[in-house]
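The following account leads the reader through one protein model, from its helices to its internal spaces and its backbone details. Please keep the sequence and the coordinates at hand while reading.

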Amino acid sequence: MNPYILATLLFGLGLGTTITFASSHWLLAWMGLELNTLAIIPLMAQLHHPRAVEATTKYFLTQAAAAATLLFASITNAWLTGQWEIQQLSHPLPTTMITLALALKIGLAPLHAWLPEVLQGLDLTTGLILSTWQKLAPFALLLQIQPTNPNLLILLGLFSTLVGGWGGLNQTQLRKILAYSSIAHLGWMVLILQFSPQLTFFTLMTYFIMTASAFLTFKIYTSTNINALATSWTKAPALTTLTPLVLLSLGGLPPLTGFMPKWLILQELTKQDLALIATLAALTALLSLYFYLRLSYAMALTISSNTLTATTPWRFASPHPTLPLATTTSLAICLLPLTPAMMALLTI
């Protein structure tokens, strides 16, 4: 893609998210979300492959439906209450509609069916943007509206953690596995949203770090399915040693970074007298942990056939920049001891 066009599209992504962040009026927030969607569509279709075009079309139709629902709900709220302010959302009908529209935008279960199919048709770089940056603007709105129906958020969160774990069990494509991982992590964030918004934001940032490390690692390996991970040792031995730790961190295994948000969320749910919800969420995390273990097993404990007829891949240096990968991998593995410092920053 032309560098000037790429810079314009990335600027549009940043501008759309910034407009949504800074807006207090529903129409401005809606405009930011639309700008965000329109900026990423050319990035998704840049491969000119039928699968990429199909994924782009699915994404556009889904986001258009969510945006139309959001606009209709905000107009309904203005009609019922006379207010266009985002934080003046008091009537339960538009609140529920807006919550469901934002859930569709970020891919929460049961409105998640588009996310694995769309992510499967994209390259890993655009998939990383879709899994991280595109979640920011809808989450900013969710954090502001503070939905008046707590049972809806708990239901969405539990269902997302269950579907995210269950859906990834039988997958062999890495992008679909990462899509179901995204659904499961979003469920954890929504589960705690109404009780501790700061903890939701913290979990979102932690998820961004771990997911960026996973996507960049698979981009270095040029792997898109589990079988291709068996040859990773010959391509990057040091990185192959660290990647299972990143995957287990995504699964929330101590003493890695991913354990920190899950631990704090379970603690907060228990404080809110929701011990049963916390228990169910912890059990659904085991489902996610299983398919992360599958990836770790395929990478670290499987030996490839070594019948390559081409030049051995370890003779070539990787053309990809390694600083972002090194930074995110280090953070995804080693942040747990900094939990007290993170909690102090959250309370400021």
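How many of the 19 residues of α9 are buried? In this predicted model, 19 of the 19 residues of α9 are buried, so the helix is largely enclosed by the rest of the structure. The cut-off behind this statement is a relative accessible area under 20%. The length of α9 can be checked as well: at 1.5 Å a residue its 19 residues should span 27 Å, and the end C-alpha atoms are 28 Å apart, which agrees.

Helix α10 may be examined in the same manner. It has 25 residues and reaches 36 Å from its first C-alpha to its last, close to the 36 Å expected at 1.5 Å a residue. Of the 25 residues of α10, 18 are buried, so this helix too is largely enclosed by the rest of the structure. The helix runs from 197 to 221, and just after α10 comes Thr-222, with a positive phi of about 50°. Thr-222 takes this positive value although it is not a glycine. Thr-222 belongs to the loop between α10 and α11 (232-235). With a relative accessible area of 58%, Thr-222 is exposed, because the threshold for that class is over 50%.

Aromatic contacts come next. The count of aromatic pairs is 4. In the pair of Tyr-207 and Phe-208, the ring centres are 6.0 Å apart and the planes stand at 50°, so the pair is tilted. Both Tyr-207 and Phe-208 are buried. A contact of another kind involves Lys-262 and Trp-188: the charged end of Lys-262 sits over the ring of Trp-188, 5.3 Å from its centre.

Lys-262 and Trp-188 also lead to the internal spaces, for both are among the residues that line the second largest cavity. This cavity has a volume of about 40 Å³. Its lining also includes Ala-184, His-185, Leu-250, Gly-251, Ala-285, Ser-288 and Tyr-292. The elements that give two or more residues to this lining are α9 (174-192), α12 (237-251) and α14 (275-300). By class, the lining of the second largest cavity has 5 nonpolar, 3 polar and 1 charged residues.

How many cavities of 30 Å³ or more does a search of the whole structure find? The search finds 3, and the largest cavity has a volume of about 60 Å³. The largest cavity is lined by Leu-33, Asn-36, Thr-37, Tyr-59, Gln-63, Lys-105, Gln-134 and Pro-138. Helices α2 (26-44) and α3 (50-81) each supply at least two residues of this lining, and α2 gives the most, with 3 residues. The lining of the largest cavity divides into 3 nonpolar, 4 polar and 1 charged residues.

The second largest pocket has a volume of about 160 Å³. Of the 10 residues that line this pocket, the closest to its centre are Ser-196, Leu-199, Glu-268, Met-343 and Leu-346. At least two lining residues each come from α10, α13 (259-271) and α16 (339-346), and the largest share, 4 residues, comes from α13. By class, the lining of the second largest pocket has 4 nonpolar, 4 polar and 2 charged residues.

Helix α3, already met at the largest cavity, also holds Ala-68. Ala-68 is partly exposed, with a relative accessible area of 46%. Ala-68 and Ala-101 are 33 residues apart in sequence, while their C-alpha atoms are 8.5 Å apart in space.

Some backbone details in the loops complete the account. In the loop between α2 and α3 lies His-48, a residue other than glycine whose phi is near 55°, a positive value. At 70% relative accessibility, His-48 counts as exposed. A cis peptide bond with omega of about 5° joins Ala-109 and Pro-110; Pro-110 is found in the loop between α4 (92-106) and α5 (114-120). A cis peptide bond also joins Pro-254 and Pro-255, where omega is about 5°. Pro-255 has its place in the loop between α12 and α13.

Key:
Residues numbered from 1 in each chain as written. Predicted model: local features only at pLDDT ≥ 70, side-chain atom pairs only at ≥ 80, totals over all residues. Heavy atoms only, no water. 1 Å grid on protein atoms, 1.4 Å probe; cavity = no way out; pocket = protein on both sides within 12 Å on 5 of 7 lines; lining within 4 Å. Points joined across faces, edges and corners; volume = space filled by probe spheres on them. Nonpolar A, V, L, I, M, F, W, Y, C, P; charged D, E, K, R; others polar. Expected span 1.5 Å × (residues − 1). Buried < 20%, exposed > 50% of the residue type's maximum accessible area, 1.4 Å probe, protein only. Phe/Tyr/Trp six-rings, centres within 6.5 Å; stacked < 30°, edge-to-face > 60°. Lys NZ or Arg CZ within 6 Å of the ring centre and 35° of its normal.
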